[in-house]
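Work through the exercises below with the model open. Try each task before reading its solution.

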Amino acid sequence: MGSPEVRPPAVELDAIAKKFGHVVAILNVSLAVGEGEFVCFLGPSGCGKTTLLRIIAGLERQNAGAVRMAGRDVSALPPPARNYGIVFQSYALFPNLTVARNVGYGLETRRVPRARREARVDELLDLVHLRTHRHRYPAQLSGGEQQRVALARALAPSPSLLLLDEPLSALDARVRLALRHEVRALQRRLSITTIMVTHDQEEALTMADRIVVMNHGVVEQIGTPVEVYTEPSSLFVARFVGQMNLIPATADARPGWARVGSAALRHRQGPALPPGTRVVLGIRPEEILIGPVARDDENRVVARVSAIQFQGAFSRLALTLPGEGHTTLECDVAVNALGELGAREGVELPLVLRSEALRVFRDGG
């Protein structure tokens, strides 16, 4: 038997670069997106994520590099020749057309016969749970309903790729949460390759198969949500994805140790650094052990509770470490455990900053 055929990636970016005048928007970005994969471009405003999506769509032309879809170079092709559907933050629905006409618009322009067109529109309206709204106009719909119409319209021509540009950011929190699950379930059901731009880290963590973290036009890290959250590759990723306590420190003479004031803390093994090198130690709020469980001598410190913030299922304690720096850590504690700890403002509590949870970054890295 011959070896199975290796299919090319659904989308492949090869050394993409883009400038606007003297401003570098994208710098040497390479990426392969597999068939049926859901990839999020995540980063702050101005990091280049939307520009990169627009280059894939052919709405912007790169200055260097190539865009390939299913192995075919589409770098010079106009948007209609690239076989994708796109959904924007603003929905971009036609206000004078009904829901059904909006969904079927792309099929009309392709001169699909009416019977086939109407069957496809019905199928998609069922898929996004809007069959009973087919004769309504966009102004008669809620924001969430309008976005579902935009999604159905993008899917109508059966594209091989779905591009989503901040599709949920204009919606209120409850609707955004519901649509997040709907979009992900729909994507899985259709097995359609999807690339979504977002600045919302929670959205990326809950929806994506892989996350591409961007900053100043450069890819900082590519990985699964678990990898990006638990193993941030840089100080930027540690700061941007999730909540991370960051503690200024210096590298100790002993490999795998750092000094915070007079205290020595063991951390995960990182690159070998000369003693005295400025570093930053990072630990998530949920990774800090507090109270009776904090019995180990290694990495044990005593901190003063400076504030308690109730956040529903848990409370976030602000804990000030001893020493001149007055470094404050945040620690998450289940609400029913607060009383057992005797946690209240001004009280001193023992902590353990577990060495396996304590990451080390070069200061400024």
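**Exercise 1. A helix residue and its surroundings**

In which helix does Thr-50 lie? Classify its exposure and find its distant contacts.

Solution. This is a predicted model. Start with the secondary structure: Thr-50 lies in helix 1, residues 49–57. Next, take the accessibility. Thr-50 has a relative accessibility of 28%. Partly exposed covers the range between under 20% (buried) and over 50% (exposed). Thr-50 therefore counts as partly exposed. Now leave aside neighbours within four places in sequence: Thr-50 is in contact with Asp-165 and Val-197. Finally, check a C-alpha separation. Thr-50 and Glu-166 are 116 residues apart along the chain, yet their C-alpha atoms are separated by 8.7 Å.

**Exercise 2. The nonpolar cores**

Which residues touch the most other members of the largest nonpolar core? Trace one of them outward.

Solution. The largest nonpolar core has 44 residues. Val-103, Leu-151, Leu-162 and Leu-164 touch the most other members. Then ask which element supplies the largest share: helix 4 (residues 143–155), with 6 residues. Pick Leu-151 and skip its neighbours within four places in sequence. Its contacts are then Val-87, Leu-162, Leu-164, Val-183 and Leu-186. Two of the residues named above, Leu-162 and Leu-164, appear here too. A further core lies apart from this one and has 31 residues. Its members include Val-260, Ile-290, Leu-317 and Leu-329.

**Exercise 3. A patch on the surface**

Which residues make the nonpolar surface patch of about 220 Å²? Place Val-24 and explain its eligibility.

Solution. Val-24, Leu-27 and Val-218 make the patch. Val-24 sits in strand 2, residues 23–33. Its relative accessible area is 38%, so Val-24 is partly exposed. Patch residues need over 30% relative accessible area. Val-24, at 38%, therefore meets that cut-off.

**Exercise 4. The partners of strand 16**

With which strands does strand 16 pair, and in what sense? Give a residue pair for each.

Solution. Take strand 19 (residues 348–352) to begin. Strand 16 (residues 300–310) pairs with strand 19 in the antiparallel sense, over 5 bridges. Here Val-302 stands opposite Pro-350. Move on to strand 17 (residues 314–320). This pairing with strand 16 is antiparallel as well, over 6 bridges. Arg-304 has Thr-320 of strand 17 as its bridge partner. Last, inspect the hairpin of strand 16 and strand 17. There are 3 residues between the strands, and Gly-312 takes a positive phi near 95°.

Terms used
Residues numbered from 1 in each chain as written. Predicted model: local features only at pLDDT ≥ 70, side-chain atom pairs only at ≥ 80, totals over all residues. Heavy atoms only, no water. Core = buried A, V, L, I, M, F, W, Y, C linked by side-chain atoms within 4.5 Å. Buried < 20%, exposed > 50% of the residue type's maximum accessible area, 1.4 Å probe, protein only. Helix = DSSP H or I, 4+ residues; strand = E, 2+ residues; numbered from the N terminus. Contact = heavy atoms within 4.5 Å. Patch = residues over 30% accessible without salt bridge, like charges linked within 9 Å, V, L, I, M, F, W, Y side chains within 5 Å. Areas by Shrake-Rupley, 256 points an atom, 1.4 Å probe, with all protein chains shown as cover. Salt bridge = Lys/Arg side-chain N within 4 Å of Asp/Glu carboxyl O. Pairing = 2+ DSSP bridges.
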